[in-house]
Amino acid sequence: MKGLVTATTLGMVLSTSAFTSQPASSLFQRTTASSSASSSILHAANAEPFKITIDLPGEGLAANMKFPPVLDVPSELVEVRYSVPFGLDVAPKEGLAVCTKDGAGGEKVGDVLRYTSQWTLGLPRGDGVITTAMSFAGGIGWQVSMFDVARAGRWEDVVEALVSNEGSRTDEVVLLFERPLTTE
């Protein structure tokens, strides 16, 4: 398949064609899809930005997030968590990372990947004496954050963020998808 690359560490099929960023378009419930995947759904109207708190992988950190929808129709957020290694089928389409195959965690064809957990090297965070001392001593370590897929400058940046979720750093990946609301 020309233009596709398989990242075997995660079992993902990701297109490597050009990716351009797009401008970023409340009830909360958790459902478990399987022992290694779960999903949550947050509903929002298009006039208002999504406002959520996501539990990050690792040591009890959370991210308070507020961002507008990218879809121009009423939509919802779907939080998907997979144990690593994980499989995911997304590809760039019209500047967005779009799901190309339904997944066990709850993502569906046409869902737009908005955020993924990402691991990067950095200085310790916090305002205590120990973190200050480690900063001066050069105590660099792996830190988790949520990567904004819609603002990625290149598709390769999205791939790097996804594959940073690997077993030596974490036991799970967090993915946020935006999905058009059905009118049924």
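Between which two elements does the loop that holds T170 lie? Keep that question in mind while the whole chain is still in view, and remember throughout that this is a predicted model.

**The whole protein**

Begin with everything selected and shown as a cartoon, where the secondary structure of the protein comes to 2 helices and 12 strands. Followed along the sequence, these elements give the pattern β-β-β-β-β-β-β-β-β-β-α-β-α-β. If you then switch to a surface view, the accessible surface comes to about 9,800 Å², and carbon and sulfur atoms hold 55% of it. The protein has 184 residues, of which 44% count as buried.

**Colouring by confidence**

Next, colour the chain by pLDDT, which averages 76 over the protein, with 64% of the residues scoring at least 70. Select residues 96–99, which form strand β9, and you have the element with the highest mean pLDDT, 97, whereas strand β1, at residues 4–7, has the lowest, 29. Now widen the selection to residues 1–35, where pLDDT stays under 50, although the model has 103 contacts beyond four places in sequence for this stretch. Where pLDDT is low, the predicted coordinates should not be read in detail.

**T170**

Select T170 now, and the opening question can be answered: T170 sits in the loop between α2 (155–163) and β12 (172–180). T170 counts as buried because its relative accessibility is 8%, and the cut-off for buried is under 20%. Show its side chain, which reaches the backbone oxygen of E172 at 3.0 Å. Leaving aside residues up to four places away in sequence, T170 touches P57, V84, W119 and N165, so these four can be added to the selection.

**R81**

Move on to strand β7, where R81 lies. This residue is also buried, with a relative accessible area of 7%. Display the side chains of R81 and E79, which are joined by a polar contact of 2.7 Å. Then add the backbone of D55, whose oxygen lies 2.3 Å from a polar atom of the R81 side chain.

**P68**

For the last stop, select P68, which is found in the loop between β6 (62–67) and β7 (75–83). Is P68 buried or exposed? Its relative accessible area of 35% makes P68 partly exposed, because that term covers values between the 20% limit for buried and the 50% limit for exposed. Finally, select P49 together with P68: the two are 19 residues apart in sequence, and their C-alpha atoms are 4.1 Å apart in space.

Note on methods: Residues numbered from 1 in each chain as written. Predicted model: local features only at pLDDT ≥ 70, side-chain atom pairs only at ≥ 80, totals over all residues. Heavy atoms only, no water. Helix = DSSP H or I, 4+ residues; strand = E, 2+ residues; numbered from the N terminus. Buried < 20%, exposed > 50% of the residue type's maximum accessible area, 1.4 Å probe, protein only. Areas by Shrake-Rupley, 256 points an atom, 1.4 Å probe, with all protein chains shown as cover. pLDDT = per-residue confidence, 0-100. Contact = heavy atoms within 4.5 Å. Polar contact = N/O pair within 3.5 Å; in protein donor to acceptor, adjacent residues only side chain to side chain.
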